[in-house]
Amino acid sequence: MSTEKETGKPKSGRDRIILIAIAAVCVAVYFLVPQVNAFINSIFVMFASGDFTVVKDWVASYGPYAAAISFFLMIFQSIAAPLPAFLITFANANLFGWWQGAILSWSSAMAGAAVCFFIARILGRDVVVKLTSNKALKSIDDFFAKHGRNAILIARLLPFISFDIVSYAAGLTSMSFWSFFVATGIGQLPATIVYSYVGGMLTGGAKYFVTALLILFALSALIVLLRQLYTERQKGKAVREDSYRIDDQK
């Protein structure tokens with residue numbers, strides 16, 4: 001998988017102009033419309049609380065529009081990485097039931113991933129660095145280089161790797177959108193189901209249970225990664241042995 005440095009500059013032309021114009025309008029609305037300013041600021045305050053019940057109550061306050069607000073919230077947090085998406089997933093499960101919440105969380109996360117991918121593809125690395133950080137982006141670049149075609153799927157299975165930064169980084173490579181989208185959909189599904197199932201059972205006194213479950217899930221994903229690394233190392237060792245054997249025959 002090649003990075004943007006290998007494939008050239010970000011796309012130019014109509015798509016780039018349209019996206020920049022949309023961003024400019026959004027910024028202008030934020031600063032010029034008090035209601036929008038207060039709405040966006042309340043989102044940051046809500047996430048800063050780190051409490052899924054605060055998120056749940058905030059989403060629930062929109063009544064019949066709660067699902068739509070949650071969908072928007074997931075896309076917003078994707079763009080404004082690295083806000084904690086799992087708080088939204090917990091809230092969705094608590095509000096709508098675990099499987100309905102899982103569908104809402106998974107579909108909105110997929111939409112957020114697509115938005116990040118195209119922002120990166122159209123606007124390029126300089127903009128992505130400003131939205132994330134150069135250090136974080138470099139670590140994902142290295143991860144992609146190490147795992148190649150399976151990098152997206154593996155990254156989605158590991159809850160300690162930023163979902164949003166992976167989406168941005170993927171947009172800077174030469175991979176097709178649909179390859180990225182399918183790998184994201186498959187890889188994100190287990191985490192969404194687990195988080196939603198747990199979120200449906202959460203109460204104010206369940207913090208230790210949640211922490212333990214997330215640690216268990218992270219360790220399980222780490223085992224998958226280590227197994228992948230071991231398999232790749234064994235393949236590399238076999239290739240080297242074959243090479244030595246050919247050299248000896250010469």
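Two residues are in contact here when they have heavy atoms within 4.5 Å of each other. Keep that in mind for the tour. The model on screen is predicted.

**Stop 1: the whole chain**

Colour the chain by secondary structure. There are 13 helices and zero strands. Read from start to end, the pattern is α-α-α-α-α-α-α-α-α-α-α-α-α. Now colour by burial. The chain has 250 residues, and 38% of them count as buried. Next, think about contacts between residues at least 6 apart in sequence. Of these, 73% join residues at least 24 apart.

**Stop 2: the largest pocket**

Show the pockets and pick the largest. Its volume is about 850 Å³. The lining is made up of 21 residues. Select A23, C26, V27, F76 and I79, which lie nearest the centre of the pocket.

Which helices each supply at least two residues of the lining? Select helix 2 (14–32), helix 3 (34–49), helix 5 (66–79) and helix 7 (98–123). Helix 2 gives the most, with seven residues.

Colour the lining by residue class. The count is 21 nonpolar, no polar and no charged.

**Stop 3: two cysteines**

Select C26 again, one of the residues nearest the centre of the pocket. Is C26 buried or partly exposed? C26 has 48% relative accessibility, so it counts as partly exposed. Now select C116. Its relative accessibility is 0%, so C116 counts as buried.

A disulfide is a covalent bond between the sulfur atoms of two cysteines. Look for one on screen: the structure holds zero disulfides.

**Stop 4: V36 in helix 3**

Move to V36, which sits in helix 3. V36 is partly exposed because its relative accessible area is 28%. Set aside the neighbours within four places in sequence, and V36 is in contact with V29 and Y30. Then draw a line from the C-alpha of V36 to that of C26. These two residues are ten apart along the chain, and the line spans 9.7 Å.

**Stop 5: helix 2 meets helix 7**

Select R16, in helix 2, and L123, in helix 7. They are 107 residues apart along the chain, yet their C-alpha atoms are separated by 6.3 Å. Show the side chain of R16. Where does it reach? It comes to the backbone oxygen of L123, at 3.1 Å.

Compare the burial of the pair. R16 has 26% relative accessibility, so it counts as partly exposed. L123 has 12%, which is under the 20% cut-off, so it counts as buried.

Stay in helix 2 and select I20. I20 is partly exposed, because its relative accessibility is 44%. Add I119 to the selection. I20 and I119 are 99 residues apart in sequence and 9.7 Å apart in space, C-alpha to C-alpha.

Return to L123 and add L172. The two are 49 residues apart in sequence, with their C-alpha atoms 9.4 Å apart.

**Stop 6: S78 in helix 5**

Select S78, found in helix 5. Is S78 buried or exposed? Its relative accessible area is 0%, so S78 is buried. Show side chains here. The side chain of S78 makes a polar contact with the side chain of Q77, at 3.2 Å.

Which residues touch S78 from further along the sequence, beyond four places? Select G112, A113, C116, D164 and Y168; each is in contact with S78. C116 is the buried cysteine from the third stop.

**Stop 7: helix 6 and its end**

Select helix 6, residues 86–96. Hide the rest for a moment, then bring it back. Within this helix, L87, I88, T89, F90, A91, N92 and A93 are buried. Step past the end of the helix to G97. The phi of G97 is positive, near 95°.

**Before you close the viewer**

Bring back the full chain and its 13 helices. Select the lining of the largest pocket once more, with its 21 nonpolar residues. Then add R16 and L123, where a side chain from helix 2 reaches a backbone oxygen in helix 7. Finish on S78, buried in the model, and its contacts with residues such as G112 and D164.

Conventions. Residues numbered from 1 in each chain as written. Predicted model: local features only at pLDDT ≥ 70, side-chain atom pairs only at ≥ 80, totals over all residues. Heavy atoms only, no water. 1 Å grid on protein atoms, 1.4 Å probe; cavity = no way out; pocket = protein on both sides within 12 Å on 5 of 7 lines; lining within 4 Å. Points joined across faces, edges and corners; volume = space filled by probe spheres on them. Helix = DSSP H or I, 4+ residues; strand = E, 2+ residues; numbered from the N terminus. Nonpolar A, V, L, I, M, F, W, Y, C, P; charged D, E, K, R; others polar. Disulfide = S-S within 2.5 Å. Buried < 20%, exposed > 50% of the residue type's maximum accessible area, 1.4 Å probe, protein only. Polar contact = N/O pair within 3.5 Å; in protein donor to acceptor, adjacent residues only side chain to side chain.
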